[in-house]
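Reader: Before I set up any calculation on this chain, I would like a close look at a single part of it. Could you take me through the strands around the second one, and say how far the model can be trusted there and elsewhere?

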Amino acid sequence: MLVRDKWAKHITQLKPDPLHTHLFGQATLTLPNKTRMRIIPTYWPIPHTTGSHPNSLWDIASRQTQGSYDSPISYIKSCLRDARLDATLKESKILIMGDLNATTHATQTGGTNGNIQEWMQVESLYDLHTQFFGPQTPPTFYRNNTCTTIDHVLTTAEGVELIDEAGTSTHAALPPTIDHALLWFGIHTSKPDGSAPHINPP
């Protein structure tokens, strides 16, 4: 996760991935109005296309989580649940973002990790961009003349209330070497004096 200088001073807590798989992390931003936002970057790996491969991220993560979880995805989901139940950050607004290699809506295609809509319902999570665009949510991954929606920003009902706009970059706007779209959103927070500054994406 990269943080611009003007936001770095607002980071009040960092929590690494407990098993150091580099698939999960946490950073808490405390805004000037005391609103706390917990940013959780995550990547959900997939098995190697040719089966077991000792140097693939899936196999490395599988070895690190072996014995406690049936897959790296189960480990990540457990970490996300623990993060939501963390009593020290109970009042934080949560934003989970990353390439999940999964879809969140029945109309979306692609995603080796399948559709996670049922899991999201259990965890009371919402796909931010689906909330704005519905079934017409733009694709986020382009390769070999195909496009899928596998990158997401997930949040709770409280988090949805902070967001007033969202969007993605178009395929045409991407450099040739990049096959994932940029997802962005705008945030409204309230200062103690009642004003509501708008935080635009960079």
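Author: What follows starts from the second strand, moves outward to its partners and to a residue beyond them, and ends with a helix contact and the confidence values.

The model is a predicted one, and within it strand E2, which spans residues 26-30, is mostly covered, since four of its five residues are buried. On one side of the description stands strand E1, residues 11-15, which pairs with E2 in the antiparallel sense over four bridges; in this pairing Gln13 stands opposite Thr28 of E2. Strand E3, residues 36-41, is likewise joined to E2 by four bridges and runs antiparallel to it, and here the bridge partner of Thr28 is Arg38. Thr28 is thus a convenient reference point, with Gln13 opposite it in E1 and Arg38 as its partner in E3. Between E2 and E3 the hairpin has five residues, and in this hairpin Lys34 takes a positive phi near 80 degrees.

From Arg38 one can step to a residue much later in the sequence: Ile96 lies 58 residues away from Arg38 along the chain, yet the two C-alpha atoms are 8.3 Å apart in space. Ile96 belongs to strand E4, residues 93-99, and its relative accessible area is 2%, so by the cut-off of under 20% it counts as buried. Once neighbours within four places in sequence are left aside, the residues in contact with Ile96 are Ile40, Thr42, Leu80, Leu125, His152, Val153 and Leu154.

Leu80, one of these contacts of Ile96, falls within the range of helix H3, residues 72-85, whose axis comes within 9 Å of that of helix H2, residues 57-65, the two crossing at roughly 65 degrees. Trp58, Ala61, Ser62 and Thr65 make this contact from H2, while Pro72, Ile73 and Tyr75 make it from H3. Sorted by class, the contact holds five nonpolar residues, two polar ones and no charged ones.

As for confidence, the mean pLDDT of the protein chain is 81, and 89% of its residues reach 70 or more. Among the elements, helix H4, residues 117-123, has the highest mean pLDDT, at 91, whereas strand E11, residues 198-199, has the lowest, at 44. Over residues 191-202 the pLDDT is below 50, although this stretch has 24 contacts in the model beyond near neighbours in sequence.

Notes. Residues numbered from 1 in each chain as written. Predicted model: local features only at pLDDT ≥ 70, side-chain atom pairs only at ≥ 80, totals over all residues. Heavy atoms only, no water. Buried < 20%, exposed > 50% of the residue type's maximum accessible area, 1.4 Å probe, protein only. Pairing = 2+ DSSP bridges. Contact = heavy atoms within 4.5 Å. Axes fitted to C-alpha atoms, helices over the stretch in contact; angles between N-to-C directions. Nonpolar A, V, L, I, M, F, W, Y, C, P; charged D, E, K, R; others polar. pLDDT = per-residue confidence, 0-100.
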